[in-house]
Structures are given as structure tokens and as C-alpha cells.
Amino acid sequence: MQKSANVVIIGGGIIGCSVAYELAIRGVKDVVVIEKNYLSSGATGRCGAGVRQQWGTETNAILARDSVKRFEGMNEELEYDKDIEFKQGGYLMVSYTSEEWNQYKKNVAVQHSLGIPTKMITPQEALEIVPHLNLKGLIGATFCQSDGHANPFHVVDAYYKAAKRLGVKFETYTTVTGITRDKGKVTSVQTTRGDINTSLVINACGYAAGTICKMVDFDLPLYPQRHQALVTEPVEPCQGPMVISLHYRLYCQQTPHGSFIMGVGDPNEPKDFNINSSWEFLEDVARQATTVLPLLKNLRVVRQWSGLYDMSPDANPILDKVPGAEGMWVAAGFSGHGFMVAPQTAVLLVQKILEQECFMPIERFSLNRFSGGNLVLESAVV
Ligand code: FAD
């Protein structure tokens, strides 16, 4: 393995790979990505891969809105030899409580102010979009046709190949074990396959970003939280959009191959690194999914798995320099929606690092927002 690099990116998920590409396409040479397993082995390869612009905070909505544009042209932009399978079947966010419906109205106002074409629709209109939706108790729904989902393995593969063509090196099955500083400045990264001298480190370790920050004695305000998902047998296409119910903590989509992928969030999950699959999840997701989408009761489950959300206190990303370690940056805290915002998150971070004009104010993702006491919480996390 090489002994030095201009930039060391730690983490080979969607964030590490997209940041590597955005650096390389701007002419930065000698970039290396260090990944302890294989690319996409973290949250990225375990995610629902939904892409939605229907957020409650302006920050998440801008990143998602602009990332949708990138997903739309990604095969061509990255000259991908396969297909990232970005399908814009829309997102239908259903509401079964008045509290939730009031929140949706506020969220849609934010989305409209940013030009996101979300519609507020009646239960009958929702039924026309998803005919097997449970109407009982449904107050209304919001729908955005340009939301959708993509194949996370292919998206990472596309970034990987494009970055590699531009000279980026990828070192997989290599774990970062330490970071050395001299007078507060980063000087090298220790790995299980040798040290790499560098003055610029980007921590894109998702759920493990806190562990990496501890290597330079910084406590990142972030915690890991297990989220489980499952996939069913494939069936004839019958559901275009992703269906989300915040009340039932459910998201559920049918993939282009016919399988349904779904998950439920569990607010009582402990803040730890456990990624075992559980029987309780199967019962929970079956209950919630068949309440919202009763037709699914006959589907057979093929596989279940879990991954870790990297949760920040306000469910917005953290894109900032790491205090006490000059030359080190962190891009984490994506709180369950890092896949969909990755393309523009990478652009924003790289613009800041290269001291270029940022397309939106990156200060909104700074670490010091947590000490100000004025956090704007994201309300639309499943
Ligand atoms: P990761 O993909 O976790 O990558 C971090 C990498 O760092 C890992 O590959 C890991 O192996 C590596 N690493 C860790 N420690 C070290 C070390 N010491 N040395 C070297 N490498 C190291 N997001 C969406 O946008 N839409 C969704 O529908 C969605 N659904 C989800 C469903 C589930 C079940 C889960 C778990 C997540 C979901 N997410 C979704 C969230 C999304 O997966 C993440 O926000 C996103 O993948 C984060 O990407 P990342 O590159 O930051 O992290």
C-alpha cells in the first residue's frame, strides 16, 4: 500500500466514494479511500435506497432536491457501464393522525418554498395512486412524483469506477486504527496494512464516525442505531411509489424486480452497534405493513437484515472540520437518509474543503449548531 497521499478518505460507503469522485473531478490528485470491508458493506449496502425530497427542514430538502437532479443524470455523468436503476415512481406519505397531518402541511410549505412539487392529496386520490392502501382512518397524503429509489450497490459502483478512472485508489479490507497529529495537525493515518502520511483526512465512516473522531480525542455528537429491513419474494408490479407512514414508522417499496423492500423504525432501539436481526422486528413490520397495505399479508419474506443509522441530535448531517485535528473533516450524522443526499453532500463538502464557492451555506451543517441551543429538528425521519 502507498506510504503517502494528498487526501485519505476513511469509509467506502456512498459518502466516501462520492466525495472521492468530487475531489478527483476537480483535479485533486493522489486521493485514497480506505474501507475496512468491501465497498457498500456499511449502511449503504443495507439501505432502502429511497430518494425523497419530502423533508421538513430546508437543509435536508435542498440537499435531496438537488441530489435528485444528479441521480437523474448519473448514468451519463459517471459514464456508468450498468444502470443505477433510478426509478421515479414517487413517494406517497400517508397520514393517519391529525398531528401528523399538521406536520405534513408545514413540511409541504417548506418544500414548496424550494420548488419541490409535492401535492397534498385526499384519501381517494391516494387510493388512485396505490389501490391497495388502507383507507380506514386515512386523513390525507402528500405525493411527489419525482421522488423514487435507486440501486445502492450500483450507485456506489458507478462512483467507484468514475473515481478510479480519475486516479483515486481504493484500499478495501483495510481498517484505520489510529490518526497521528503533530502540534494539532494531522500527519498520518494508521491502518492494518501500514501507515499513510497525509495532511488531509475525511472521516466518512457513517455509524463509526464517532469511533474515528475519538482517535483524535474528539467526541462527535452522534450515535449508532440499528434499523432492520426485509425483502419479499418478487410479484407482479402493483405498487409504483414508495409508501411511508411516519405514524406506523413504516416505509415500503416495490423494486423494479418485483420484490417488496420494507422496514420500520423502532424508537426504543438502544444506541449501540448491534446489527443482529430479530424476530420482534418481523412481527412489528408485518403488523405495520399489513395495517397500511393489507394486500401484502400474502407475501413471503425471503430475507431480513439490519444496518446502523448514524444519528445526529437534529437528524441533519454534520459536515465540518474536526476540532483539535487540523486537516481532518467529518461527513456523518445522516440519520437514515444519507444515500439520497449523498451526491450534493459530496459536492458541498468538497467545495468547502477546496475553498470554492459553496452552492448552499455549509454552516447549516456545522458542529457549533449543537452548542447554540437552537436546533431545528427534522420531523420526517422513519
Ligand atoms: P456507510 O455506508 O456506513 O459507510 C461507512 C463505511 O466506513 C463502512 O463501509 C464501514 O465498513 C467503513 N468503516 C467503518 N470503520 C472503519 C475503519 N476503522 N476503517 C476503515 N473503514 C471503516 N438512506 C436513504 O437515503 N434512503 C433510504 O431509504 C435509507 N434506508 C435505510 C435503511 C436502513 C435499514 C439503513 C440501515 C439505512 C438506511 N438509509 C437510507 C441510510 C443510509 O444507508 C446512510 O445514511 C448512508 O448509507 C450513509 O453512508 P455512509 O457512506 O456515510 O456510511
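# A walk through the model, starting at T174

Leaving aside its neighbours within four places in sequence, T174 is in contact with M1, I34, E35, K36, T191, T192 and R193. The model shown here is a predicted one. T174 sits in the loop between β8 (169–171) and β9 (176–182). Is T174 buried or exposed? Its relative accessibility is 0%, so T174 counts as buried. The cut-off for buried is under 20% relative accessible area. A polar atom of the T174 side chain also lies 2.8 Å from the backbone oxygen of T172.

Now step back one residue. Y173 is found in the loop between β8 and β9 as well. Y173 counts as exposed because its relative accessibility is 53%, and exposed means over 50%. The backbone of Y173 deserves a look. Its phi is near 50°, a positive value in a residue other than glycine. Most residues other than glycine have a negative phi. E79 is another residue with a positive phi near 50°, and E79 is not glycine either. Find E79 in the loop between α3 (74–77) and β4 (91–95). At 61% relative accessibility, E79 counts as exposed.

Next comes the ligand. Two of the contacts of T174, E35 and K36, lead there. E35 is among the residues that come nearest to the ligand, together with T44, G50, G338 and M340. In total, 38 residues lie around the ligand. K36 offers a polar backbone atom, 3.1 Å from a nitrogen atom of the ligand. Which backbone atom lies 2.8 Å from an oxygen atom of the ligand? That is a polar backbone atom of G50. G336 adds a backbone N or O atom, 3.2 Å from a nitrogen atom of the ligand. How much of the ligand does the protein cover? On its own, the ligand has 1000 Å² of accessible area, and the protein covers 97% of that. Three elements to trace around the ligand are α1 (14–25), β17 (301–311) and α9. Each supplies at least two residues of the shell.

Helix α9 is also the way into the protein interior. The largest nonpolar core has 73 residues. Inside this core, I9, V19, L23, V155 and I202 have the most contacts. Helix α9 (residues 338–353) gives the most to the core, with nine residues. The core draws at least three residues from each of domain 1 and domain 2. For a view from one residue, pick I202. Not counting residues up to four places away in sequence, I202 touches V7, V8, I9, I10, V19, L23, W329, L349 and I353. Apart from this core lies another, of 27 residues. Its members include I10, I179, V201 and V216.

The domains themselves come from the domain assignment of the protein chain. Domain 1 takes in 7–46, 153–222 and 314–372. Domain 2 takes in 90–147 and 224–308. Taken over C-alpha atoms, the centres of domain 1 and domain 2 are separated by 30 Å. The contact takes four residues from domain 1 and seven residues from domain 2.

Three charged side chains round off the tour. R226 is found in strand β13 (residues 223–232). R226 counts as buried because its relative accessibility is 11%. Its side chain makes a polar contact with the side chain of E269, at 3.1 Å. A polar atom of the R226 side chain also lies 2.5 Å from the backbone oxygen of N276. Leaving aside neighbours within four places in sequence, R226 is in contact with E269, N274, I275, N276, S278, S306, G307 and L308. R226 and P267 are 41 residues apart along the chain, and their C-alpha atoms are separated by 10.0 Å.

D157 lies in helix α6 (residues 152–165). D157 is buried, with a relative accessible area of 18%. Beyond its neighbours within four places in sequence, D157 is in contact with Y80 and K82.

K185 belongs to strand β10 (residues 185–191). K185 has a relative accessible area of 45%, so it is partly exposed. Its contacts, leaving aside neighbours within four places in sequence, are T180 and E326. The C-alpha atoms of K185 and F71 are separated by 36 Å, with their positions 114 residues apart along the chain.

Methods
Residues are numbered from 1 along each chain as its sequence is written. This is a predicted model: local features need pLDDT of at least 70, side-chain atom pairs count only at pLDDT 80 or more; totals for chains, interfaces and linings use all residues. Side-chain values use heavy atoms; hydrogens and water are left out. A nonpolar core is a set of buried Ala, Val, Leu, Ile, Met, Phe, Trp, Tyr and Cys residues joined through side-chain atoms within 4.5 Å. Buried means under 20% relative accessible area, exposed over 50%, partly exposed in between (1.4 Å probe, protein chains only). Helices (H or I, at least four residues) and strands (E, at least two) are DSSP runs, numbered from the N terminus. Domain bounds come from an automatic or database domain assignment. Contact means heavy atoms within 4.5 Å. A residue is near a molecule or strand if one of its heavy atoms lies within 4 Å of it. A polar contact is a pair of N or O atoms within 3.5 Å; within protein, one must be able to donate a hydrogen and the other to accept it, and residues adjacent in sequence count only if both atoms are side-chain atoms. Accessible areas come from the Shrake-Rupley method with a 1.4 Å probe; for residues, only the protein chains shown count as cover.
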